[in-house]
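Me: I am new to this structure. Please take a close look at the charged side-chain pairs, then show me how they sit in the rest of the chain.

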Amino acid sequence: MATQVKSSVPLNESNASVQPAKNNESKPASFSLWIAGIAFTFFIALTGYGLAKIPGFQQVGPLACSILIAVAYRHFRGYPEALRSGIQFSAKRLLRLAIILYGLKLNIDVVLNQGLGLLVYDAGVIIFAIGVTMLIAKWLKADSSLSLMLGVGTGVCGAAAIAAVSPIVAAKDEDTAIGVGMIALVGTLFAIAYTILRPFLPLSAVEYGMWSGISLHEIAHVALAAAPAGQDGLAIALLAKLGRVLLLVPLCFILMIWMKRSGKIQSGTKIEFPWFLIGFLAMSVFGSYVLGTSIPVSEAFHNGVANITTFVLTMAMVGLGLNVNLRALRTKAARPLIAMSITSILLSVLSFALV
């Protein structure tokens with residue numbers, strides 16, 4: 001009996017001493033997997049950038065290419081569960097960082113001094129895009145959450161707008177990713193179509209630029225379509241587009257109020273305050289009134305920040321894209337895509353008539 005007691009005491013002490021060691025070992029392991037998950041999204045984003053340089057994929061852009069790679073990986077290889085923490089960090093935290101950095105693209109001073117008249121058009125575009133998309137989606141019995149994000153993306157600023165409103169409307173990660181992919185694809189097709197039609201349209205350079213700026217989906221699409229119109233056309237196009245970007249902030253708060261009052265969220269569920277929008281505004285003010293005035297910066301600096309912002313957003317979209325289940329979305333995505341495409345066509349026609 002005495003022997004048994006003696007043998008049991010060291011055993012218990014051994015267990016007590018080994019357990020903390022396991023916990024300590026698990027922390028570096030978890031951290032390593034977290035880093036590996038972030039690195040995984042970085043690698044796919046880098047691959048997407050490489051794919052976007054290949055003829056045929058150049059017009060699609062790195063964002064859409066990276067999402068396609070992520071979705072294909074999930075479809076054929078499955079979700080890399082061991083890397084989930086790092087992938088989710090990219091999908092959530094880096095997404096918000098990208099939106100904040102995106103604020104540097106918005107020159108508030110230029111919009112307020114030169115583009116106040118365009119804000120009326122911009123507000124009308126946003127209301128029209130969301131309203132018509134939701135009406136068509138309801139008629140087609142399409143998924144309402146995905147359709148709403150596509151309407152916002154069409155009306156405001158494409159992928160960035162979808163990324164900004166997705167946490168507010170409590171959208172699923174896979175819906176956010178597929179919505180961004182759709183907006184990138186459709187927006188690219190429309191931008192190419194605008195470029196092809198440009199020589200045959202009875203519009204001056206400024207009129208064509210305004211049409212592009214108030215009707216196309218993303219800043220990149222506007223720049224692509226308006227470049228053939230020269231510097232004046234490109235300038236007015238980007239000015240019109242920046243007005244739509246500025247209206248993203250009040251739109252997000254309107255959506256918050258609507259979500260609460262319409263009962264679209266379960267009782268007791270709290271909508272997380274979009275603090276990243278405060279960061280977006282702060283960076284907009286900083287970029288508009290500090291950079292270039294109090295702090296001189298070069299054009300190369302602005303281009304570098306823009307490239308970093310796009311890459312960070314691409315990493316975030318990779319994280320979201322890995323959540324996309326193609327089998328589940330095969331029927332779910334078709335009708336919202338139809339609704340958005342019809343809205344985009346109507347928006348182009350009506351805005352052309354107004355210009």
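**Charged pairs and their surroundings**

Reply: Start with Glu-81, which is partly exposed, with a relative accessible area of 48%. This is a predicted model, so every value here is computed from predicted coordinates.

Glu-81 has a charged partner. Its side chain meets that of Arg-84 in a salt bridge, at 2.8 Å from N to O. Arg-84 counts as partly exposed too, at 34% relative accessibility. That value lies between the 20% and 50% cut-offs, so neither "buried" nor "exposed" applies. Side chains of opposite charge can pair when their charged atoms come close.

How many salt bridges are there? The count comes to 2. Lys-92 forms a salt bridge with Asp-173, and their closest N and O atoms are 2.8 Å apart. Lys-92 belongs to helix H3 (residues 84-102), while Asp-173 belongs to helix H8 (residues 173-197), so this pair ties together parts that are 81 residues apart in sequence. Is Asp-173 buried or exposed? Asp-173 is buried, with a relative accessible area of 18%. Its partner Lys-92 is partly exposed, at 33% relative accessibility.

Now step back to the whole chain. The protein chain has 16 helices and 0 strands. It holds 355 residues, and 47% of them count as buried. Consider the contacts in the chain with a separation of 6 or more. Residues 24 or more positions apart account for 79% of them.

Aromatic rings offer another view of such links. The structure holds 8 aromatic pairs. Take Tyr-49 and Phe-311. Their ring centres are 5.3 Å apart and their planes stand at 50 degrees, so the pair is tilted. Tyr-49 sits in helix H1 (residues 2-51) and Phe-311 in helix H14 (residues 299-321). The two residues are 262 residues apart, and the pair links distant parts of the chain. Phe-311 is buried, with a relative accessible area of 15%. Tyr-49 counts as partly exposed, at 23%.

Other rings form a group. Ring pairs link Tyr-194, Tyr-208, Trp-211 and Phe-352 into a cluster. Tyr-208 also has a charge over its ring: Arg-198 lies over the face of Tyr-208, at 5.0 Å from the ring centre.

Next, look at one helix from end to end. Helix H11 (residues 230-246) has 17 residues. From its first C-alpha to its last, H11 reaches 24 Å, close to the 24 Å expected at 1.5 Å a residue. How many of its residues are buried? The count is 12 of 17, and H11 is mostly covered. Among the buried residues of H11 are Gly-233, Leu-234, Ile-236 and Ala-237. The charged residues Lys-241 and Arg-244 of H11 are buried as well.

Finish with the cysteines. The structure holds 0 disulfides. Cys-157 is in no disulfide, and the nearest cysteine sulfur, that of Cys-252, is 8.9 Å away. A disulfide needs sulfur atoms within 2.5 Å, so this pair does not qualify. Cys-157 is buried, with a relative accessible area of 1%. Cys-65 counts as buried too, at 0% relative accessibility.

Back to the charged pairs for a last look. Glu-81 and Arg-84 form one salt bridge. Lys-92 and Asp-173 form another, and this second pair ties helix H3 to helix H8.

Conventions: Residues are numbered from 1 along each chain as its sequence is written. This is a predicted model: local features need pLDDT of at least 70, side-chain atom pairs count only at pLDDT 80 or more; totals for chains, interfaces and linings use all residues. Side-chain values use heavy atoms; hydrogens and water are left out. Rings of Phe, Tyr and Trp (its six-membered ring) pair if their centres lie within 6.5 Å; planes under 30 degrees apart count as stacked, over 60 as edge-to-face and the rest as tilted. Helices (H or I, at least four residues) and strands (E, at least two) are DSSP runs, numbered from the N terminus. Buried means under 20% relative accessible area, exposed over 50%, partly exposed in between (1.4 Å probe, protein chains only). A charge sits over a ring if NZ of Lys or CZ of Arg is within 6 Å of the ring centre and within 35 degrees of the ring normal. The expected span of a helix is 1.5 Å times one less than its number of residues. A salt bridge is a side-chain nitrogen of Lys or Arg within 4 Å of a carboxyl oxygen of Asp or Glu. Contact means heavy atoms within 4.5 Å.
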